[in-house]
Amino acid sequence: VDCAAIHPNESRVAIAYRNGVLVLWDTNFAEPLCTLLRGSQPIIDMSFSEDGTTLTAIDLMGAVYSWK
């Protein structure tokens, strides 16, 4: 795991793995909900917006990704 971000209501956690895969997990059931990214570069930072509606991530090469 390279980095993680917890949703403001703590119901979801986004986990970025060293292979460039970013997965959204349900914290109540410890199950993956979906794969958000299958990139070639590691994610170096990510965070949810304060209201939890957006997840933004940046990879090692500076590419920025955002999901609503």
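This is a short chat about strand S3, its partner strands and two cysteines in a predicted model.

Visitor: What kind of model is this, and how are residues numbered?
Guide: The model is predicted, so to speak for local features pLDDT must be at least 70, side-chain atom pairs count only at pLDDT 80 or more, and totals for chains, interfaces and linings use all residues. Residues are numbered from 1 along each chain as its sequence is written, and side-chain values use heavy atoms, with hydrogens and water left out.

Visitor: Is strand S3 mostly covered or mostly open?
Guide: Mostly covered. S3 spans residues 21-26, and five of its six residues are buried. Buried means under 20% relative accessible area, exposed means over 50%, and partly exposed is in between (1.4 Å probe, protein chains only). Strands are DSSP runs of E, at least two residues, numbered from the N terminus.

Visitor: Which strands does S3 pair with?
Guide: One is S2, residues 12-16, antiparallel over five bridges. Another is S4, residues 31-38, antiparallel over six bridges. Two strands pair if DSSP finds at least two bridges between them.

Visitor: What stands opposite valine 23 in S4?
Guide: Threonine 35 does.

Visitor: What about the turns?
Guide: The S2 and S3 hairpin has four residues between the strands, and glycine 20 there takes a positive phi near 90 degrees. The S3 and S4 hairpin also has four residues between its strands. In that turn, alanine 30 has a positive phi of about 50 degrees.

Visitor: Why does aspartate 26 count as buried?
Guide: Because its relative accessibility is 8%. Aspartate 26 lies in S3.

Visitor: What does its side chain meet?
Guide: A polar contact of 3.3 Å joins the side chains of aspartate 26 and arginine 12. Those two residues are also bridge partners. A polar atom of the aspartate 26 side chain lies 2.7 Å from the backbone nitrogen of asparagine 28. A polar contact is a pair of N or O atoms within 3.5 Å; within protein, one must be able to donate a hydrogen and the other to accept it, and residues adjacent in sequence count only if both atoms are side-chain atoms.

Visitor: New topic. How many disulfides are there?
Guide: Zero, in a search of the whole structure. A disulfide is a pair of cysteine sulfur atoms within 2.5 Å.

Visitor: Why is cysteine 34 not bonded to cysteine 3?
Guide: Because their sulfurs are 16 Å apart, too far for a bond.

Visitor: Are these cysteines buried or exposed?
Guide: Cysteine 3 is buried, at 13% relative accessible area. Cysteine 34 is partly exposed, at 32%.
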